[in-house]
Every structure is written in C-alpha cells, then in structure tokens.
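Reader: I would like a close look at a single part of this model, namely the metal site and what surrounds it. Please take me through it step by step, in one connected account.

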Amino acid sequence: MLKYSALKKLLKDHQLRVTDCRLDVLQLFKSRGHALTSRYLEDELTSYDRVTLFRTLNSFIEKGVVHKIPDDSGIARYGICGHSCAPAAHHHDHVHFKCSSCGHVDCLSDYTVPTVTIPGYLIQESNMILNGVCKSCNQ
Ligand SMILES: [Zn+2]
Ligand SMILES: [Zn+2]
Ligand SMILES: [Zn+2]
C-alpha cells in the first residue's frame, strides 16, 4: 500500500487539491491493480455519496490520473494512468485485457496497440481489448 504522502504528491503533481475522497479513491485504484467500475467505488467507499465519487472520478480523468477503458459491455471501467499522463493530455497506447473468468480488466502497460495506417482515413484513437483468461486465473 502506498503511503498517504505519496498519494498526496500524486494528486498535487496532477494539479488536484488534496481531499479525503480523492485520497481514498486513489488508494483503492493503487491497491487493486486492475480497472475499477464506478459501482465498485460506491460499494467500497460507502462514506461518500455517489455525486462526490462521480466528481472525484471526473476530476481524475480530467487531470490524467485515471482513464476510461472502452468496453462493449456498457459498464464503464477506469484504469490508473502511467507517468505519461498529465493534466493537459492522456497518452495511451496500451492494450487492455478482459478476463472471462474473474471479469477483471487489466491495463497491459507494456504492450502497445499496433499502428494501422489506412489511406484517406484520419485515425484519432485506437483501442484494443483482448479477451481470455488472465494471469491469476490461468494458474
Ligand atoms: Zn491517462
Ligand atoms: Zn481472471
Ligand atoms: Zn488502461
């Protein structure tokens, strides 16, 4: 688990004011290691109301702390960002993995989405979600 001082620093580095809610949400993301849904945040952090959690999540997205992961299930998931993300912009080209066994979505930060060039098309975003059985379920 990360110390509160490290979490505070991370918030400040992303131009976010330190609040208890932000610290708790960040702590949860750091300790879980896989992408989280807003529902999960609500269930875990019952001392905050939905609106507060929603605002916290949005401020994290805005400031480059977490990113929304595209998913065909309609449930939005959020993953913690790497060092390359800043308040001005997110920089992501990593692959996501969805486990059919535990249902977790992982950010595979070391694996990048292959670049595709299509004449006449301007590609603004590319995403890749791999489906299968994750490392911990595959043991
Ligand atoms: Zn990001
Ligand atoms: Zn799994
Ligand atoms: Zn990700």
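**The zinc site and its surroundings**

Author: In this predicted model, the donor residues of the zinc ion (ligand 1) follow the spacing C-x3-C-x4-H-x1-H in sequence. The atoms that coordinate the ion are SG of Cys-81, SG of Cys-85, ND1 of His-90 and NE2 of His-92, at 2.0 to 2.3 Å. Four donors count as tetrahedral if all angles lie between 85 and 135 degrees, and because the four donor atoms here subtend angles of 100 to 115 degrees, the arrangement is tetrahedral. For comparison, the ideal angle for four tetrahedral donors is 109.5 degrees.

Both Cys-81 and His-92 lie in the loop between β3 (77-80) and β4 (94-99), so this pair ties together parts that are 11 residues apart in sequence. As for accessibility, Cys-81 counts as buried because its relative value is 12%, which is under the 20% cut-off, whereas His-92, at 30%, counts as partly exposed.

The strand that follows this loop, β4, is mostly covered, with six of its six residues buried. On one hand β4 pairs with strand β5 (residues 105-112) in the antiparallel sense, over five bridges, and His-96 has Cys-107 of β5 as its bridge partner. These two strands, β4 and β5, form a hairpin with five residues between them, and in the turn Gly-103 has a positive phi of about 80 degrees. On the other hand β4 runs parallel to strand β6 (residues 129-132), to which four bridges join it, and there Cys-99 stands opposite Gly-132.

Two pockets also involve donor residues of the site. The largest pocket has a volume of about 480 Å³, and Cys-81 is among the residues closest to its centre, together with Lys-30, Ile-80, Gly-82 and His-83, out of 23 that line it. The elements that give two or more residues to this lining are α2 (20-32), β3 and β5, and by class the lining of the largest pocket holds eight nonpolar, 13 polar and two charged residues.

The second largest pocket has a volume of about 260 Å³, and 14 residues line it, of which Lys-68, His-92, Glu-125, Ser-126 and Asn-127 are the closest to its centre. Here β2 (66-69) and β4 each supply at least two residues of the lining, which divides into two nonpolar, nine polar and three charged residues. Of the zinc donors, then, Cys-81 is among the residues closest to the centre of the largest pocket, and His-92 among those closest to the centre of the second largest.

Conventions. Residues are numbered from 1 along each chain as its sequence is written. Chains are lettered from A and ligands numbered from 1 in the order in which they are written. This is a predicted model: local features need pLDDT of at least 70, side-chain atom pairs count only at pLDDT 80 or more; totals for chains, interfaces and linings use all residues. Side-chain values use heavy atoms; hydrogens and water are left out. Donors are N, O and S atoms within 2.8 Å of the metal (3.2 Å for Na, K and Ca); water is not among the atoms, so sites may look incomplete. Four donors count as tetrahedral if all angles lie between 85 and 135 degrees; four count as square planar and six as octahedral if opposite donors are over 155 degrees apart and all others between 65 and 115; anything else is irregular. Buried means under 20% relative accessible area, exposed over 50%, partly exposed in between (1.4 Å probe, protein chains only). Two strands pair if DSSP finds at least two bridges between them. On a 1 Å grid over the protein atoms alone, a cavity is a set of points where a 1.4 Å probe fits but cannot get out, and a pocket is an open set with protein on both sides within 12 Å along at least five of seven lines; lining residues have an atom within 4 Å of a point. Grid points are joined across faces, edges and corners, and a volume is the space filled by probe spheres set on the points. Ala, Val, Leu, Ile, Met, Phe, Trp, Tyr, Cys and Pro count as nonpolar, Asp, Glu, Lys and Arg as charged, and the others, Gly among them, as polar.
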